[in-house]
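Let's walk through this one together, from the overall build down to a single pair of strands. Keep the viewer open and follow along.

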Amino acid sequence: MNLLIKGGRVIDPSQNMDDMLDVLVEDGLVKQIGKNLQASADVKIIDAAGKYVVPGLIDMHVHLRDPGLEYKEDIVSGTRAAVAGGFTSVCCMPNTKPTIDNKAVASYIINKAKAEGFCNVFPVGSITYGLSGDRMSEMGELKESGCVAVSDDGRPVTNPELMRRSLQYAAGIGIMVISHAEELELVGEGVMNEGFTSTELGLKGIPCVAEDIATARDIMLAEYSGAPIHIAHVSTKGSVRIIREAKSRGVRVTCETAPHYFSLTDDAVRGYNTNAKMNPPLREAEDVAAIKQGLQDGTIDCIATDHAPHHLDEKDVEFNVAMNGIIGLETSLPLSLKLVDDGVLTLNQLVDKMSCNPSNIIALERGSLKVGAAADITVIDPSLEWIVEADKLASKSKNCPWLGQKMKGAAVATVVAGNLKFVR
Amino acid sequence: MAEFKHKHIIALRDLSKADIELLISTAESMREVNSRDIKKVPTLRGKTIINLFYEASTRTRTSFEIAGKRLSADTVNIAPSNSSATKGETLADTALNLLAMKPDIIVMRHAVSGSHYHLAKKVSCSIINAGDGAHEHPSQGLLDLLTMKERFGRLDGLKVAIVGDITHSRVARSNIQGLTKMGSSVFLAGPPTMMPPGVEKLGDVTVCANMKEAIQDADVVMMLRIQQERQGKTLMPNTREYSRYFGLNPENVKLAKPNAMLMHPGPINRGVEMSSQVVDGDQSWILKQVENGVAVRMSMLYHVCGGELE
């Protein structure tokens, strides 16, 4: 099916474009962008008046739980949630069962996504075999099988020698290492951020420095190795400062944060709310301010959700017992648009951080509406107001701290490779 | 007579000054029952109380059991083994099964802070917190207040020093909440490794640089138990050094007001947080705390059952 997206505000940082334009899609590619494009009779017209038309959003950090943990999410439900949230591509983390540490698992994901999924799925392989932390995965084969990065997300590579060699080795192959920066000895049995709230609730705290020290270590190892590194889910002001300093010296470091780290503080844990429990944990107001500053000044390159579905049985329990993580695919866009409303980001920056930058960091060759590019397109209504309701979320899991709350802004059409995969 | 409107007692943080006053004043009446030859009143006859203790306890569990029995309630003690959680039954399922037997009150001790709030969403009976993680221990806080009131006749304007591992202490948190609400001031001392961030914002709380500063001119000195099994190995060198800097002994006790009252929630590590001379000395109110514990728990059981004093 060919599409003509008419009358929207097309924002595409990859070609410095921000204008009221029409976008014509043919055979899965962007065919033409211009004013008053005419469509032949067989073209489906999407009226985008009053809407933003942007390169399809890319979430470089999600957990699809497939294979092995399909009771939480699977490739079908996860990608349905993705397109409902405006995402045309997601990168799925390797902590599945079995781990994405071999060609068979990577191929299974890619094939299932192609056959049954709603958006592009790019697997991330593991740095270490079985996430064991003791020997490297076959990164060459992982890359050949379609993995776009490697990460032991969920746990750090604790052995600095192995991390150093993994960075070196991955650089040789040309695959990005995504670091889960956490010093486990400092985390101990902590279950939330260490601060006044943990003191009042009597919950064991996780100090900021547990993240900062690991961020610093991995950046130093990358710098020493001359290898690039991407830091996942940055949550502390210390990490922002360390990354900013490294970038200023030309270290090849990029990073992401998640919407909850600029939208919530550890106050959200009050009432022992397990939907506010994640790792890294929600931090304090000054960390939130630093994350916003980092987004604004370019220290933080991407917004990624760390979409982490968990079954109700894993969340409706005592706080210490509850699993870490929240879903994020369907709330990321409105929470991020709020940064634009609040003057933290320009629209251009927002599209950079949710599409162009992630594409560039892991070489997805997306994040652009240039003529000839794959037609991954998100049409956004920035003023649509809606309530987050559990039974309306596409994700199988409902572990979301914003249930019942009002959101402003939503994807109204999500086009993947020229196919209209979602309409609101 | 003021009315007690809470179905559960989970934390002193959730109670008002008037609530606390009511609980203490009822406890004062209950104390009279405990001094009789026949220590039993029919107040809670026909009520069933389950003491569900996920953590070991001698004093608190016995005290709740006696409190229930003196009010003529039927009390049942359950101590699920620590492994029962790993065998698959969740806290909520255990509680729902118990609830099917129609108890009126579940008194629970649990290692996870906040687990009583989770439980309260699942069951229809009243819940009393007998200690949750490092969060609160409201019956201990109330019995400490009752004991201080017995000694001073009031609960405002007191200087109360609390010394020890504040980070891991639910006793300290309940006392901070209770004392602040009643108009007294809390002075904390302990190794910096055992002082939680922002604790001074919990109420009328001053964090002192050392133990001397905290107990200087104090009306009450409350010593906390050192629980090495809970604290891991990184918070202090050893108990020998700890007792040198944070132990109460006949010498440093002189810094407090003359005849200041000395308290400890028990069980005591003699020679660590308190020397035997002060534990057994004239200023010690430790056994009085235990005695008052029964009266306070009778008061708590009585009020969550919606009772009114005749």
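How many helices and strands make up the secondary structure of chain B? There are 11 helices and nine strands. Bear in mind that this is a predicted model.

Start with the overall proportions. Lined up along the principal axes, the C-alpha atoms of chain B fit a box of roughly 55 × 45 × 35 Å. The radius of gyration of chain B is 19 Å, and a compact globule with 310 residues would have one near 19 Å, so the two agree. As for packing, 48% of the 310 residues of chain B count as buried. Now take the contacts in chain B between residues at least 6 apart in sequence: 76% of these link residues at least 24 apart.

Next, the domains. The assignment for chain B gives domain 1, made of 12-136 + 292-304, and domain 2, covering 138-289. Their centres, taken over C-alpha atoms, are 25 Å apart. Where the two meet, 23 residues of domain 1 of chain B are in contact with 22 residues of domain 2 of chain B. On the domain 1 side, at least two residues each come from helix H1 (17-34), helix H2 (59-70), strand E4 (126-132) and helix H11 (286-304) of chain B. Which of these gives the most to that side? That would be H11(B), with six residues. Sorted by class, the domain 1 side has 10 nonpolar, seven polar and six charged residues.

Chain B also touches chain A. Here the contact takes 20 residues from chain B and 15 residues from chain A. On the chain B side, helix H4 (115-120) and helix H6 (170-182) each supply at least two residues, and H4(B) gives the most, with three residues. By class, this side of chain B has eight nonpolar, eight polar and four charged residues.

Finally, zoom in on two strands of chain B. Strand E1 (residues 48-53) and strand E2 (residues 74-78) run parallel and are joined by five bridges. To find your place in the pairing, look for B:Ile50, which stands opposite B:Val76 in E2(B). How does the chain get from E1(B) to E2(B), and what is the hand of the crossover? The path goes through H2(B), and this β-α-β crossover is right-handed. You've met H2(B) already: this helix is among the elements on the side of domain 1 of chain B that touches domain 2 of chain B. While you're looking at the strands, remember that side chains in a regular strand alternate between the two faces of the sheet.

Definitions and conventions
Residues are numbered from 1 along each chain as its sequence is written. Chains are lettered from A and ligands numbered from 1 in the order in which they are written. This is a predicted model: local features need pLDDT of at least 70, side-chain atom pairs count only at pLDDT 80 or more; totals for chains, interfaces and linings use all residues. Helices (H or I, at least four residues) and strands (E, at least two) are DSSP runs, numbered from the N terminus. The radius of gyration is taken over C-alpha atoms; the globule rule is 2.2 Å times the number of residues to the power 0.38. A residue is buried if 20 or more other C-beta atoms lie within 10 Å of its own, exposed if 12 or fewer, and partly exposed in between; C-beta atoms are placed from the backbone. Two residues are in contact if their C-beta atoms, placed from the backbone, lie within 7 Å. Domain bounds come from an automatic or database domain assignment. Ala, Val, Leu, Ile, Met, Phe, Trp, Tyr, Cys and Pro count as nonpolar, Asp, Glu, Lys and Arg as charged, and the others, Gly among them, as polar. Two strands pair if DSSP finds at least two bridges between them. A crossover is right-handed if, with the strands pointing away from the viewer, the path from the first strand over the helix to the second runs clockwise.
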